[in-house]
Amino acid sequence: MSGLDPLFLEEHDSYRQAARLFVANEINPHAEGWEEERDFPRTLFERVGSAGFFGAKFEERWGGTGPDYAAEAVWIEELSRSLTFGTTSDLGAHSQLAALYVDRCGDDDQKERYLRPSVEGALIGAFAVTEPGAGSDVNGIATRARRDRDEWVLNGSKVFITNGSWSDYVVAAAKTSDSPPDNITLFIVDADTPGLERSRMKMIAWETSHTGELFFTDVRVPDENRLGEVGSGFGHIMTNFQWERLTMSLSAIALAELSLETAIQYARDRTAFGRPVIKFQVWQHRFADLAVRIRTGKALAYRALRLHIAAESGVDVPRDELVRVTSMAKLFTQRLACQVADECVQVHGGAGALREYPAQRFWRDARVGPIGGGTEDIMRNIIARSLGLGTA
């Protein structure tokens with residue numbers, strides 16, 4: 001609108017149209033089949049890479065087209081409107097987690113070996129922190145890495161790792177000393193490294209996602225695959241958490257919008273007591289309330305996005321404000337996506353429980369959001385601290 005500072009420019013509108021067309025042609029026509037099979041082809045990564053959608057936030061010298069975090073946000077929003085959220089999650093974790101850590105923490109050799117082929121979609125990456133006994137508490141991880149001359153020997157396990165069961169490489173966090181917080185180091189582990197075993201986990205949500213368990217038994221990693229300085233891992237994870245949580249917020253809003261659109265369309269088509277459900281004021285009011293909340297969530301997420309873009313461009317953005325707003329966006333949008341998806345199921349009536357309708361899938365897939373990337377209560381702890389309240 002005239003007179004307003006735009007977040008997205010004209011070139012971003014063109015990029016959005018290209019992304020929307022890609023999802024419409026390359027993903028959605030296959031979505032129901034992939035969901036039925038609980039799988040999707042690895043070649044989709046190559047198609048995304050060839051189309052340039054993995055490269056918006058990476059420099060041209062590594063095969064990217066940026067860095068342009070506004071364009072990246074556009075891709076996240078459009079991808080998250082696909083009809084198969086597990087596929088969205090795998091594509092997102094590859095680019096927003098694994099590849100991003102290589103970009104931000106790696107040296108030129110590591111970027112040439114792992115980032116460039118990741119941008120091309122030739123390699124699939126996974127990021128592994130969560131363990132059976134440590135989720136939001138990153139300092140609680142038990143996986144260890146012991147130095148042995150020019151190698152590191154890793155032992156431990158990881159769980160709930162998106163892409164974990166089929167990735168070509170894993171960016172894994174391991175403790176390298178007993179002195180927190182500078183006791184966690186990141187390593188790039190090739191999937192064919194002896195001692196690394198993996199299995200795919202069965203989930204009621206994100207059914208096409210290749211979420212896996214990883215087991216490290218005397219896995220030897222050359223020091224040239226250490227990502228960043230020894231002991232720097234915790235700081236990198238805390239920093240990159242902010243971008244991960246923002247991408248989850250953008251994704252949740254897109255899912256909420258899709259759920260609402262689906263609910264409204266069904267209410268137009270479904271007849272009860274002799275008239276379309278959409279004619280009942282109770283549903284008109286429910287939809288109106290949801291639309292307001294979605295617009296509120298989007299405004300909050302876009303505020304966080306503006307802060308991230310400013311920080312990436314070198315503006316001195318107060319760290320506390322960036323973390324606070326990002327945490328607020330993550331907290332608000334994840335629960336909102338669940339609420340909108342629940343109403344989508346409700347308006348479908350009994351049909352909402354049938355797999356032939358996408359409502360039940362939106363409902364299941366949305367429920368992962370308040371857990372992943374830092375739980376709701378972790379977000380509340382962060383916000384409370386920003387208000388000077390401390391934690392119990």
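**View 1. Helix H9 and its buried residues.** In H9, the buried residues (under 20% relative accessible area with a 1.4 Å probe, protein chains only; exposed is over 50%, partly exposed in between) are Ala359, Gln360, Arg361, Phe362, Arg364, Asp365 and Ala366. Helices here are DSSP runs (H or I, at least four residues), numbered from the N terminus. That makes seven of the eight residues of H9 (359-366) buried, so this helix is largely enclosed by the rest of the structure. Its buried residues pack against H1 (10-37), H4, H6 (233-269) and H8 (319-348).

This is a predicted model, where local features need pLDDT of at least 70 and side-chain atom pairs count only at pLDDT 80 or more, while totals for chains, interfaces and linings use all residues. Residues are numbered from 1 along each chain as its sequence is written, and side-chain values use heavy atoms, leaving out hydrogens and water.

**View 2. The largest nonpolar core.** Think of a nonpolar core as a set of buried Ala, Val, Leu, Ile, Met, Phe, Trp, Tyr and Cys residues joined through side-chain atoms within 4.5 Å. The largest one has 66 residues, and Leu186 and Ile237 have the most contacts inside it. Helix H4 (residues 85-105) chips in the most, with nine residues.

**View 3. Around Leu186.** Skipping neighbours within four places in sequence, Leu186 is in contact (heavy atoms within 4.5 Å) with residues including Tyr101, Cys105, Phe127 and Ile237. Cys105 is itself buried, at 9% relative accessible area.

**View 4. Cys344 on its own.** There are zero disulfides here (pairs of cysteine sulfur atoms within 2.5 Å). For Cys344, the nearest cysteine sulfur, that of Cys338, is 13 Å away. Cys344 is buried, at 0% relative accessibility.

Conventions
Helices (H or I, at least four residues) and strands (E, at least two) are DSSP runs, numbered from the N terminus.
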